[in-house]
Amino acid sequence: MKIARVNRHLSSPSQWQALRWGEQFQTVISNEIQPWLTKIYGSHFIKIGELSHSIDTSRCAISHQVRVGKNPRRADIVAEKEKLPLISKSVDACLIAHTLAWSQDPHQVLREVDRVLVDDGWVLLSEFNPFSLLGCARGFPGVSKKARFYSRHRLVDWLSLLNYEIVSCRTTQVLPWRTQRGILTRHFPCLGCITFIVARKRTYPLTLAKKQALNRGRHLRPAVNVSRQICSLGDHQDADK
């Protein structure tokens with residue numbers, strides 16, 4: 001497996017129109033995210049990355065939505081996505097729309113998101129699928145602007161290591177130049193160009209460790225024989241007489 005961190009500089013596009021078929025990608029992600037917005041509650045919602053800013057999240061019950069990015073004209077907080085200037089456990093939900101694709105250290109981005117999220121917080125993440133038509137054509141100029149592609153299994157593995165529960169994970173849009181769901185998308189979703197993941201931060205282990213279960217069993221003691229203790233106490237009282 002390739003190392004996720006790279007030393008070269010990656011310049012993220014400032015808007016979806018800078019990508020080929022970018023408007024179709026934006027429409028698909030906005031449609032995928034809508035059913036989940038009504039389930040998210042809290043006080044603060046952040047959008048990390050320039051492409052996340054254009055995703056429609058108006059249906060979310062969280063009114064305070066903050067855009068984090070490098071462009072001071074479009075971002076509410078100007079900062080690096082690897083170093084969020086936010087207090088730990090202060091954010092209820094986070095949108096990362098194709099942000100890891102242009103990140104030098106995607107692990108650090110996810111660690112920062114995990115740090116600022118509250119317990120049971122939501123992560124909405126979308127990335128390009130390398131096993132798709134777009135993944136095969138990414139070597140052509142203007143297709144993906146040198147974006148990095150991560151498989152859905154790799155993204156799920158990263159989130160699982162941070163103890164996130166994967167609520168939903170799917171790929172969609174087999175043909176990158178079309179936004180509607182066609183026959184190919186219904187029957188071959190694994191070949192979709194976009195991977196969309198919904199995850200929740202959990203603070204307890206999802207599986208009980210076997211060693212811990214055994215240790216807990218050893219602390220169990222047998223029930224006290226109350227009648228024997230009462231008889232012993234009566235014998236001692238008779239002896240005193």
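This is a short talk on the side-chain contacts in one protein chain, and the model is a predicted one.

I'll start with the overall picture. The protein chain contains 8 helices and 7 strands. It has 241 residues, and buried residues make up 44% of them. If you take the contacts between residues at least 6 apart in sequence, 68% join residues at least 24 apart. Please keep that last number in mind, as several of the pairs I'll show link distant parts of the chain.

Cysteines next. How many disulfides does the structure hold? The count is 0. For the bench, two cysteines can be described by their exposure. Cys169 has a relative accessible area of 22%, and since buried means under 20%, Cys169 is classed as partly exposed. Cys193, at 0% relative accessibility, is buried.

Now the aromatics. Searching the whole structure gives 5 aromatic pairs. One of them is Phe25 with Phe128: the ring centres are 5.5 Å apart and the planes are at 70°, so this pair is edge-to-face. Where do the two rings sit in the chain? Phe25 is in helix 1, residues 22-37, and Phe128 is in strand 5, residues 117-128. They are 103 residues apart, so to speak a helix-to-strand link between distant parts of the chain. Phe25 is buried at 0% relative accessibility, and Phe128 is buried as well, with a relative accessible area of 1%.

Phe128 has another partner, Trp102. Here the ring centres are 6.3 Å apart with the planes at 75°, so Trp102 and Phe128 are also edge-to-face. Trp102 is in the loop between strand 4 (91-97) and helix 3 (106-116), while Phe128 is in strand 5, so the pair ties together parts 26 residues apart in sequence. Both Trp102 and Phe128 are buried. Put Phe149 with these residues and you have one aromatic cluster, made up of Phe25, Trp102, Phe128 and Phe149.

There is one more ring to mention, Trp36. Lys39 lies over the face of Trp36, 4.5 Å from the ring centre.

On to the charged side chains. The whole structure has 8 salt bridges, and I'll go through three of them.

The first on my list is Arg5 with Asp105. Their closest N and O atoms are 4.0 Å apart. Arg5 is in the segment before helix 1 and Asp105 is in the loop between strand 4 and helix 3, so that distant parts of the chain, 100 residues apart, are linked. Is each partner buried or exposed? Arg5 is exposed, at 57% relative accessibility, whereas Asp105 is buried, with a relative accessible area of 12%.

Next is Arg115 with Glu112, where the closest N and O atoms are 3.1 Å apart. This one is within a helix. Arg115 and Glu112 are 3 residues apart in helix 3, so about one helical turn separates them. Arg115 is partly exposed, at 26% relative accessibility, and Glu112 is buried, at 10%.

Then there is Glu165 with Arg202, with the closest N and O atoms 2.7 Å apart. Glu165 is in strand 6, residues 164-172, and Arg202 is in the loop between strand 7 and helix 7. That pair also links distant parts of the chain, at 37 residues apart. Glu165 is partly exposed at 30% relative accessibility.

I'd like to stay with Arg202 for a moment. Its loop runs between strand 7 (194-201) and helix 7 (210-218). Why is Arg202 called buried? Its relative accessible area is 15%, and buried means under 20%. Which residues does Arg202 touch, leaving aside neighbours within four places in sequence? They are Asp120, Asn163 and Glu165. With Asp120 there is a side-chain to side-chain polar contact of 2.8 Å. Asp120, Glu165 and Arg202 are linked in a network of salt bridges.

To recap, for anyone looking at the model on screen. The aromatic cluster is Phe25, Trp102, Phe128 and Phe149. The salt-bridge network is Asp120, Glu165 and Arg202. And on the cysteines, the structure holds 0 disulfides.

Definitions and conventions: Residues are numbered from 1 along each chain as its sequence is written. This is a predicted model: local features need pLDDT of at least 70, side-chain atom pairs count only at pLDDT 80 or more; totals for chains, interfaces and linings use all residues. Side-chain values use heavy atoms; hydrogens and water are left out. A disulfide is a pair of cysteine sulfur atoms within 2.5 Å. Buried means under 20% relative accessible area, exposed over 50%, partly exposed in between (1.4 Å probe, protein chains only). Rings of Phe, Tyr and Trp (its six-membered ring) pair if their centres lie within 6.5 Å; planes under 30 degrees apart count as stacked, over 60 as edge-to-face and the rest as tilted. Helices (H or I, at least four residues) and strands (E, at least two) are DSSP runs, numbered from the N terminus. A charge sits over a ring if NZ of Lys or CZ of Arg is within 6 Å of the ring centre and within 35 degrees of the ring normal. A polar contact is a pair of N or O atoms within 3.5 Å; within protein, one must be able to donate a hydrogen and the other to accept it, and residues adjacent in sequence count only if both atoms are side-chain atoms. Contact means heavy atoms within 4.5 Å.
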